[in-house]
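Thanks, everyone, for making the time. I would like to walk through one model this morning, starting with a sheet and ending with a single side chain, so please have the view open as I talk.

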Amino acid sequence: MLDRRDFVRQLLIDRGDLLVVPGLGSATYDVAAAGDHPLNFYLWGAMGGTAMIGLGLALARPDRRVAVLTGDGDLLMGMGSLATIGVKQPNNLAIVVLDNAHYGETGMQPSHTHAGVDLVAVALACRFRNARAVSRIEEAADVRALLHAGNGPILVNARISAEDTPRVLPLRDGHAIKQRFIEALNSV
Amino acid sequence: MAFAVACDIGKVLAFAHRNAMTTPRASLPSPTNIETSWPDAIYAHFRRAGIRQVGYVPDAGHSRLIALCRDDPDIADVVLTTEEEGVGLIAGAALGGQRAALLMQSSGVGNCINMFSLLRNCGFGGVVLVTMRGEFGEFNPWQVPMGAITEDILRLTGFLTYRVDSADAVDEIVGAGCDMAFDGNLQVAILLSQRLIGPKQWTR
């Protein structure tokens with residue numbers, strides 16, 4: 001199983017102009033811990049909506065790569081989004097599920113993936129062009145390559161350890177996060 | 001200095017190119033009767049406002065508008081499994097520099113309540129067009145509880161709401177709504193009343 005911080009840090013090494021949308025809770029903290037960046041659209045709420053924000057962004061900017069990094073709980077809440085993304089087939093969108101099989105923010109209750117619900121199989125059934133599970137840190141470089149150049153839509157289910165990690169809290173003002181992102185995107 | 005100005009112009013041109021729209025195709029015949037052509041008036045404002053993404057859950061009242069959007073190569077039509085997905089779509093589109101609209105039935109408003117906080121909290125402008133059920137001559141009582149509270153819910157979640165009761169008011173109200181939403185990054189909902197849509201579309 002993967003250490004979530006180490007894995008996310010390796011995914012975002014030399015990220016270039018990658019657009020990153022982390023889901024609320026631990027995914028936002030992991031992305032912040034890898035280094036604050038204006039092209040991170042941190043979420044602190046809107047549970048279940050992360051993948052769709054990624055889709056809207058990917059459709060608006062087909063010239064850029066979009067990476068959604070989020071937890072199993074967030075993706076399960078918006079599982080229909082995978083079908084919607086499958087219909088649109090965005091080549092530039094990848095979703096990385098940081099799957100610890102638990103709801104970390106609320107007291108580590110087991111999630112559906114803990115009972116064996118298979119998000120890779122769901123993504124494939126929803127016509128994702130690339131879907132795979134990873135659980136070893138040696139695979140991080142391959143996943144990073146997928147984010148930058150793989151044929152989307154892509155879903156990577158990363159089985160991470162359920163150990164607690166210290167919170168790293170980025171910007172929380174929604175207007176500021178949005179404005180900083182838009183200005184950075186328009187300046188490159 | 002001149003170089004800096006040239007760079008800025010380049011950026012503006014790149015942005016304009018990305019958002020440029022082609023001439024709309026007129027492959028769908030246009031109705032001439034205002035009682036049935038109001039979706040065309042909405043679509044004309046979508047074009048004028050430069051809306052590039054339209055999310056929707058299939059709906060009889062919006063069927064002509066959906067067909068117009070699907071037929072437009074400049075508009076990404078995104079069919080959703082639930083209206084709530086469209087809220088995320090609006091936010092993502094705005095982050096990428098595109099304007100988006102969301103089409104739904106009044107029952108769909110209830111599906112969006114928590115997700116609407118995303119628009120309010122970050123100041124994402126967007127237009128939601130709601131075809132009303134459960135308010136005027138509704139045959140199905142199951143539609144009434146949500147239809148009766150739709151406008152209140154929208155107001156409570158941060159929307160400016162405008163009701164349209166007659167076909168000849170659609171053009172003006174949708175035009176004003178689009179301007180307010182996108183000039184001011186506001187959340188605007190336009191409620192198309194059941195009286196406007198008419199009972200004919202609900203029976204076959």
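Before I describe the sheet, let me say how pairing is used here: two strands count as paired if DSSP finds at least two bridges between them. Please also keep in mind that what you see is a predicted model.

With that in hand, in chain A there is an open sheet of five strands, which pair in parallel and follow the order β1-β2-β3-β7-β6. At its edges are β1, residues 19-22, and β6, residues 130-134, of chain A, each of which pairs on one side only. From one strand to the next, the twist averages 15 degrees.

If we stay with the β6 edge of chain A, the partner is β7(A), residues 154-159, which runs parallel to β6(A) and is joined to it by five bridges. Within that pair, N130(A) stands opposite I154(A) of β7(A).

Turning to the helix packed on this sheet, α2 of chain A, residues 26-33, lies across β1, β2 (66-71) and β3 (93-99) of chain A, and runs at about 125 degrees to β2(A).

Now to chain B, and to L119(B), which sits in helix α6, residues 116-122. Is L119(B) buried or exposed? L119(B) counts as buried because 26 C-beta neighbours lie inside 10 Å, where the cut-off for buried is 20 or more. Leaving aside residues up to four places away in sequence, L119(B) touches V87(B), I90(B), A91(B), F124(B), G126(B) and Q187(B). As for V174(B), 55 residues from L119(B) in sequence, the C-alpha to C-alpha separation is 19 Å.

Notes:
Residues are numbered from 1 along each chain as its sequence is written. Chains are lettered from A and ligands numbered from 1 in the order in which they are written. This is a predicted model: local features need pLDDT of at least 70, side-chain atom pairs count only at pLDDT 80 or more; totals for chains, interfaces and linings use all residues. Helices (H or I, at least four residues) and strands (E, at least two) are DSSP runs, numbered from the N terminus. Axes are lines fitted to C-alpha atoms, for helices over the stretch in contact, and angles run from 0 to 180 degrees between N-to-C directions. Two residues are in contact if their C-beta atoms, placed from the backbone, lie within 7 Å. A residue is buried if 20 or more other C-beta atoms lie within 10 Å of its own, exposed if 12 or fewer, and partly exposed in between; C-beta atoms are placed from the backbone.
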